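User: Please take a close look at the open sheet in this model and at what packs on it. Add what is needed to judge how far the coordinates can be read.

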Amino acid sequence: MGAYLAKPKTEKISDGSENGRLRYGVSCMQGWRVTMEDAHTCELDFDDSSTLFAVYDGHGGSEVAQYVAKKLPEVLKNTENYQKGDIKQSMVDCFLEIDQLIISEKGLAELKELAGLDKDLDEEEDLEMLEQEAMMPLNELLAKMKEMKKAKGGDNDGELLEQWTEDGNQRNANIFALFTKFNLFSFSLGSKNDKKDEAIIENGDTIKAGTCSSDSVENSTNGSLKNGKEEKEKDTEESENDHKLKQKEVEETSDGEQATNESKKNEEKIPNDEAIDDEEEEGDEDDEEEDDEDDDDDDDDDDDEDDEDGAPFQSSDEVGYDSGTTAIVAVLCENQLTVANVGDSRCVLCRNGIALEMSTDHKPEDEHELNRIHKAGGKVTCEGRVNGGLNLSRALGDHSYKLQTELSAHEQQITAVPDVRQTQITEADEFMVIACDGIWNVKGSQEVVDFVSDRLREQRQKNHINLAQICEELLDACLAPDTSGDGSGCDNMTSIVVLFNPDSRATENSKKRKLEDEKPDSESADKRTKGDES
């Protein structure tokens with residue numbers, strides 16, 4: 001389910017505007033998640049005759065969502081098919097081009113910058129520095145960090161840790177990642193209520209909440225740091241000795257080529273905590289290969305902490321390969337609505353009060369998606385995850401799932417090819433809602449349409465339309481009260497509501513209200529006349 005904050009961040013970033021033909025409102029909220037990974041685009045004046053609205057739900061980091069939000073409008077506008085007026089094909093061209101830009105040299109550099117990576121810091125020197133800081137007494141480290149964050153006004157250790165995570169301070173995050181990497185502690189820092197929840201996660205490592213205070217564990221933590229370092233050195237030494245023994249066996253084996261292959265296979269295989277018995281080692285090559293695949297899958301499930309959107313948290317230097325984003329993009333050109341989608345963000349149109357879905361959620365267990373994944377050599381777990389990782393079957397980025405060079409972009413395990421739907425907007429269409437799965441996991445399409453319709457009706461009665469306010473109310477209605485459930489309502493949330501022909505509808509509703517206001521007076525006059533006659 002991913003990691004959650006001790007309390008949700010309910011502050012919202014909202015906006016809205018109109019141009020006579022359209023009116024929109026948008027709002028986004030971080031919620032219970034440790035970081036905000038959504039992005040969006042709202043362009044009323046995309047070109048002379050078109051508007052563009054989009055939501056991007058990032059996973060494994062926010063950098064790909066931010067990058068796509070920045071690049072996609074311009075890339076779409078410059079595609080040959082868009083300039084010819086073929087918007088449907090231009091959407092496909094645009095998505096594929098953006099997907100390749102993500103892993104271009106320039107694109108990767110920009111992604112690293114968006115992710116806040118320090119490209120100039122030498123890794124070995126950085127690790128040594130972090131180890132030195134990790135050996136500091138905990139109280140000294142907290143005092144140091146408190147001084148650095150003094151301007152932020154953290155009142156206790158728990159708030160301080162939350163601030164480090166919220167601020168995206170990579171250096172401080174790496175320190176705590178180092179602590180957890182060597183299993184040096186599993187306690188919360190100064191939690192006021194000692195709530196036993198998942199607490200903070202950064203770079204794939206979890207600091208689990210408990211009941212120990214920082215003062216009571218200072219000595220044991222310092223000891224654990226030393227023991228952890230000694231154990232690591234011991235494991236390294238044993239590993240080197242095992243490697244030497246294996247090399248010696250290779251030299252003494254008559255079938256040198258076969259033994260060398262077995263040695264390489266054993267070196268590449270991830271170590272397991274349980275020893276492999278002699279009978280398994282004497283099995284045939286086919287059995288060994290199957291065991292290797294099973295072990296790899298188990299290790300992936302055990303070692304990677306999954307993001308709610310499905311992508312495991314990876315080291316930040318793998319941006320674009322182990323991070324990605326959904327994309328739901330709607331272009332209204334005159335009266336033609338074109339919606340392109342990869343992932344499980346969604347666009348829903350309100351037509352005569354009925355929810356009309358303009359996109360398909362792309363999930364690995366769906367038959368069409370599953371067949372493609374299998375043909376590309378991938379597997380889908382019973383939890384609906386591709387190779388035990390991503391629980392989406394289409395996305396921008398995530399290029400670790402797109403490495404089969406003999407396959408086309410349409411055939412990869414995770415593809416960037418969008419589904420594209422078109423429809424003509426008529427008087428029967430009142431509005432559309434574009435949102436990430438943080439909304440749709442809580443409310444169904446018709447529920448959201450009814451929610452927006454009810455509030456539009458209330459606002460019209462007051463003669464004051466505020467679509468951003470409706471979006472904010474929708475986010476609040478979807479927010480879970482706590483994190484004890486299945487994760488629904490605990491995700492980042494972004495919602496856009498677009499109202500069609502707001503001026504004509506306002507005039508029409510004004511006439512209806514006027515007729516309704518006049519009707520009771522007329523009925524009263526009739527009654528008075530009848531009374532006088534009698």
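Analyst: The sheet comes after some notes on the model, and the cores and cysteines follow it.

This is a predicted model, in which local features need pLDDT of at least 70, side-chain atom pairs count only at pLDDT 80 or more, and totals for chains, interfaces and linings use all residues. Residues are numbered from 1 along each chain as its sequence is written, and side-chain values use heavy atoms, with hydrogens and water left out.

The pLDDT (the predictor's confidence in each residue, from 0 to 100) averages 75 over the protein chain, and 58% of the residues score at least 70. Over residues 181-229 it stays under 50; the model has 97 contacts (heavy atoms within 4.5 Å) beyond four places in sequence for this stretch. Residues 151-155 also have pLDDT under 50, with six such contacts. Where pLDDT is low, the predicted coordinates should not be read in detail.

Helices (H or I, at least four residues) and strands (E, at least two) are DSSP runs, numbered from the N terminus. Two strands pair if DSSP finds at least two bridges between them. The open sheet has six strands in the order β1-β2-β15-β14-β10-β11, with antiparallel pairing. Its edge strands, β1 (4-18) and β11 (354-357), each pair on one side only. From one strand to the next, the twist averages 20°. Five bridges join β14 (residues 429-435) and β15 (residues 493-500) in the antiparallel sense; Val433 has Val497 in β15 as its bridge partner.

Helix α15 (residues 445-461) packs on the sheet and touches β10 (346-351), β11, β14 and β15. The direction of α15 makes about 125° with that of β14. Helix α16 (residues 467-478) lies across β1, β2 (22-33) and β15, at about 30° to β2. For these angles, axes are lines fitted to C-alpha atoms, for helices over the stretch in contact, and angles run from 0 to 180 degrees between N-to-C directions.

A nonpolar core is a set of buried Ala, Val, Leu, Ile, Met, Phe, Trp, Tyr and Cys residues joined through side-chain atoms within 4.5 Å. Buried means under 20% relative accessible area, exposed over 50%, and partly exposed in between (1.4 Å probe, protein chains only). The largest nonpolar core has 32 residues, with Tyr56 and Leu396 making the most contacts inside it. Helix α1 gives the most to this core, eight residues. Apart from it lies another core of 27 residues, among them Phe431, Leu456, Ile470 and Val497.

Cys350 is buried, at 0% relative accessible area, whereas Cys382 is exposed, at 78%. With a disulfide taken as a pair of cysteine sulfur atoms within 2.5 Å, the count is zero.
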